[in-house]
Amino acid sequence: MTVQAVAKTNPGRFFEDYAVGDVLTHAVPRTVSGGERALYHALYPARHAFYSSDEFARSCGLPSSPLDDMAAFHVVFGKTVPDVSLNAVANLGYAEGRWLKPVWPGDTLRSESEVIGVRENSNGKTGVVWVRTRGLNQRDEVVLEYVRWVMVRKRDGDAPAPEPVVPDLAKAVDPETLAIPEGLDFTGYDFTLAGEPHRWGDYEIGERIDHVDGVTVEEAEHMMATRLWQNTAKVHFDVGARPDGRRLIYGGHVISMARALSFNGLANAQIVAGLNAGAHANPCLSGDTVYAWSEVLDKAETPAPGVGAIRLRLVATKGHAPFVLRGEDGKYRPEVLLDLDYWALMPV
Amino acid sequence: MTVQAVAKTNPGRFFEDYAVGDVLTHAVPRTVSGGERALYHALYPARHAFYSSDEFARSCGLPSSPLDDMAAFHVVFGKTVPDVSLNAVANLGYAEGRWLKPVWPGDTLRSESEVIGVRENSNGKTGVVWVRTRGLNQRDEVVLEYVRWVMVRKRDGDAPAPEPVVPDLAKAVDPETLAIPEGLDFTGYDFTLAGEPHRWGDYEIGERIDHVDGVTVEEAEHMMATRLWQNTAKVHFDVGARPDGRRLIYGGHVISMARALSFNGLANAQIVAGLNAGAHANPCLSGDTVYAWSEVLDKAETPAPGVGAIRLRLVATKGHAPFVLRGEDGKYRPEVLLDLDYWALMPV
Amino acid sequence: MTVQAVAKTNPGRFFEDYAVGDVLTHAVPRTVSGGERALYHALYPARHAFYSSDEFARSCGLPSSPLDDMAAFHVVFGKTVPDVSLNAVANLGYAEGRWLKPVWPGDTLRSESEVIGVRENSNGKTGVVWVRTRGLNQRDEVVLEYVRWVMVRKRDGDAPAPEPVVPDLAKAVDPETLAIPEGLDFTGYDFTLAGEPHRWGDYEIGERIDHVDGVTVEEAEHMMATRLWQNTAKVHFDVGARPDGRRLIYGGHVISMARALSFNGLANAQIVAGLNAGAHANPCLSGDTVYAWSEVLDKAETPAPGVGAIRLRLVATKGHAPFVLRGEDGKYRPEVLLDLDYWALMPV
């Protein structure tokens, strides 16, 4: 007797299953601890002192080191995968991301997403879905929010197209709306322990920094990372999931790798506060050596003592290929893996 | 001067070294923390909410999330390897396994095994040893017990055969004897956060579930896992230990991988409470893609509020091969890696 | 506008940048937790009970298990890399190492190094730099100190050679100066739980022990370990950093692997207290199977109850090659990876 072979498993949502205004409560809340912090340091060459040392964080006015901002992002993001991107063809973009509260060891995170846009593609086979995702802690405080849009397959090509709704998204987060961790004070900042002398005032808009170091990535590492964030997308784990027999590396793994590499030149860009935009330009595969470079896009003052905001473009490349982003055709060059636009907080 | 080259190292026990009634106190107690929990989530796609979220565990009546039941099993099992299976030819089976107390971060586990059976094989070169292993915490409470039997080499083929003692083992753990964690109450269970709507009442005896997802396993992962459990069997670590130059993956790695994959379709089978039987049907090697399917073997009520017991067969396969267990010859098909029979607790 | 492409990144120091008496304050303090402990057990087959079980450590007079001594060493060492060995050609030796205070979960470590010697090589292209490194905790207590010397490239071959200063280093740490953890008492030591019956009195000077077991190492493992210690040397991470396209395994990874393997025969040599000397004899690469053997070099009494000191040579080899260290030419044989000389504390 074989009863309902796949009826109880999650087939994921298709384009038709999203309607503007729906709120998806994502499953599997997650408590984080010193274990996640240690693993983050094992998986990425993370050296920003604020997340490495409780004492350093205390000298900046916080009670201890929070979980790395990108680790918090990955935990929140991972929960959305079964509901948002299991049948996604492509992860198209990010916008309006803000880290609103530090995540502490012992906190439990959960995620929810509101559908804020849908638009069927002209081929009738896929559509674009926009969601605004929020990560919440056990006190129901929003710790993180961002907009993501993905291309999703239709279940039924003959299903009628919904009324298109395309959200009007900010090109960049207004720096006045960035959330600054309560108590943050960089006036007593120790540049020696942080690793570099360069302060906010030392960076010029337009300046580019080659982060010099490269890391060759392995299957075991990216799978451990992606599982740690409870991201279930098959393409990251199963060699049979893609026609080329290669496991696609989770884009967030590349983000964290590049952000960690950016220490060398941006050691004082301690805290990620806003996510303006992001594109996973080309797939990253095991054996690739990831390098990174950054460009200063903007700067802003903040009301917090000694704290400035810096807007950075962070580019990850396959091999050492600094400062070239797009070809003559305007498309990302094949060695570009990631083009991320974010706000960081640093000592002025 | 070369004094006693190997005299101080542990050669392991041979068949002659076991006598019924012997109690082996296994070495190297181990304290677990949030680090083990994080690593468990990095090594396996573990998503059962009860072990992922302290808040979810609290909503089920417990003070916080215990260590994953299988992680507890691996820690207890690992300690037995130097005394039980260092010279084992094969791990033959499990029976009468029960998880008796949750294991909390900060607990220290140790193991002891009582020899409950011995029987020399007709070839005179090997014998079967049955042990009942108990895992104890720092309060001397038994947190876990199970029977395991292994085939062990004789040191001396001419040694006389002992009087055979074959224990009479239960075919399955009586569900009335399953231990339910103190305070467990599923009456306020949140199916949305748990990830699936299917409750105990929704599963039928005989029902089979294809868990759909596959994970390709890597050497670094299974070695990290096996070391984490302080399992020292050479075949898992040394390419020179087997004639084929391949590292055999610890059977418990396959158990945890399959159990984690079973989330997709059995997300609410939260707690492993009993181990009825288990066979490592074929070796698992790096590069294999592990899939899993389950069959509902039995169901039982429990006295705990809102808690039902479900008896499941969990089968891991190399590649996607649901629902076929044995060939016409009655033997496990070559793609079957694991055939495990266990009791889980889930909301009614 | 491309402004100062590499001006903000750390090019590392060259030979000319070191002067005797300089004190280098190394960046990026690090807080350790149960996460680092769990990862240490996942990365190495570590089984010494004192570091595995809080209860065992309590039975030896300590409040709980400290961080493994070698993990503490790696954290302290890792911080020195950007200032000491980024442009190093070779890590030449260690001396006068002492572990002075246990490192507890929650402690924050930082490092500083004093330049105690410089000597230009006759080729005029490189020089040797000696530093005394200290690891300090958040209470400014020195937890660890050691001398290391490295061969470093000159930035400018025409720069004049400095006055040579070669420190006079002890051949071995005087056992009377070894620091014994406060409260340590081995009079109630449980040899059964520790895993072996052999006490300090059972080891003879000159005795050699083949530790029997081997572990084949993988890229993902050594990179995770090396990142965990925030060691940034390119050669460990980037396949393009060396002409042979191979990633060199951090020598400390081999130290920890060999020390963990030495459990089998030296399970009671619980605590590493002194580092007398050390040579990374040949490079270790992914795919190598690491074995280890030890030789008892000396023994000494200590004032602590039940505690003896044992001086051990720990040799790691590629493949199983016990007891042969040097060829007829007096050079290390090609299969020798590590020759380490250390003091351990064990029950008398």
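Copies are superposed by least squares on the C-alpha atoms of residues with pLDDT of at least 70 in both. The exercises below use this predicted model.

**Exercise 1. Symmetry of chains B and C**

Task: State by what turn and shift chain B can be laid on chain C, and what relation follows.

Solution:
- Step 1. A turn of 120 degrees with a shift of 0.0 Å along the axis lays chain B on chain C. The RMSD of that superposition is 0.0 Å.
- Step 2. The two copies are therefore related as by a three-fold rotation axis.
- Step 3. The copies use different surfaces, since 11% of the contact residues of chain B recur in chain C.
- Step 4. Within chain B, the residue that comes closest to the rotation axis is B:Gly35, with its C-alpha at 2.2 Å.

**Exercise 2. The interface of chain B and chain C**

Task: Describe what chain B and chain C bury between them, and which residues and elements of chain B take part.

Solution:
- Step 1. Count the residues: 38 of chain B are in contact with 50 of chain C.
- Step 2. Take the area: about 3400 Å² is buried between chain B and chain C, with 58% of it on carbon and sulfur atoms. On the chain B side, the residues that lose the most area to chain C are B:Lys8, B:Met224 and B:Arg227, which together make up 21% of what that side buries.
- Step 3. Count the polar links: there are 4 salt bridges between chain B and chain C, and 20 residue pairs are in polar contact across the interface.
- Step 4. Assign the contacts to elements. In chain B, β2 (30-31), α1 (34-43), β4 (108-120) and α6 (219-228) each supply at least two residues of the side that touches chain C. Helix α6(B) gives the most, with 6 residues.
- Step 5. Sort by class: the side of chain B that touches chain C has 16 nonpolar, 13 polar and 9 charged residues.

**Exercise 3. Salt bridges between chains**

Task: For each of the pairs A:Arg227 with B:Glu221 and B:Arg247 with C:Glu218, give the N to O distance, and say whether the residues are buried or exposed.

Solution:
- Step 1. The side chains of A:Arg227 and B:Glu221 form a salt bridge at 3.0 Å, N to O. This pair crosses between chains, from helix α6 of chain A to helix α6 of chain B.
- Step 2. A residue counts as buried under 20% relative accessible area. Both A:Arg227 and B:Glu221 are buried.
- Step 3. In the pair of B:Arg247 and C:Glu218, the closest N and O atoms are 2.7 Å apart. B:Arg247 lies in the loop between α6 and α7 (251-261) of chain B, and C:Glu218 in the loop between β8 (215-216) and α6 (219-228) of chain C, so the pair joins two chains.
- Step 4. B:Arg247 and C:Glu218 are both buried.
- Step 5. Two further bridges can be added. B:Arg227 meets C:Glu221 at 3.0 Å, N to O, and A:Lys8 meets B:Glu207 at 2.5 Å, N to O.

**Exercise 4. A salt bridge within a helix**

Task: Locate A:Arg58 and A:Glu55, and state how far apart they are in sequence.

Solution:
- Step 1. Both residues lie in helix α3 (residues 54-59) of chain A, 3 residues apart, about one turn of the helix.
- Step 2. A:Arg58 forms a salt bridge with A:Glu55, with the closest N and O atoms 2.7 Å apart.
- Step 3. A:Arg58 has 40% relative accessibility, so it counts as partly exposed. A:Glu55, with a relative accessible area of 29%, is partly exposed.
- Step 4. For the whole structure, a search over all chains finds 66 salt bridges.

**Exercise 5. The surroundings of B:Ala267**

Task: Is B:Ala267 buried or exposed, and which residues is B:Ala267 in contact with, leaving aside neighbours within four places in sequence?

Solution:
- Step 1. B:Ala267 sits in the loop between α8 (263-266) and β9 (271-280) of chain B.
- Step 2. The relative accessible area of B:Ala267 is 0%, so this residue is buried.
- Step 3. Beyond those sequence neighbours, the contacts of B:Ala267 are B:His48, B:Tyr189, B:Ala194, B:Glu196 and B:Ser262.
- Step 4. B:Pro197 is 70 residues from B:Ala267 in sequence, while the two are 8.7 Å apart in space, C-alpha to C-alpha.

Conventions. Residues are numbered from 1 along each chain as its sequence is written. Chains are lettered from A and ligands numbered from 1 in the order in which they are written. This is a predicted model: local features need pLDDT of at least 70, side-chain atom pairs count only at pLDDT 80 or more; totals for chains, interfaces and linings use all residues. Side-chain values use heavy atoms; hydrogens and water are left out. Contact means heavy atoms within 4.5 Å. Buried area is the accessible area (1.4 Å probe) that two parts lose on being put together, summed over both. A polar contact is a pair of N or O atoms within 3.5 Å; within protein, one must be able to donate a hydrogen and the other to accept it, and residues adjacent in sequence count only if both atoms are side-chain atoms. Helices (H or I, at least four residues) and strands (E, at least two) are DSSP runs, numbered from the N terminus. Ala, Val, Leu, Ile, Met, Phe, Trp, Tyr, Cys and Pro count as nonpolar, Asp, Glu, Lys and Arg as charged, and the others, Gly among them, as polar. Buried means under 20% relative accessible area, exposed over 50%, partly exposed in between (1.4 Å probe, protein chains only).
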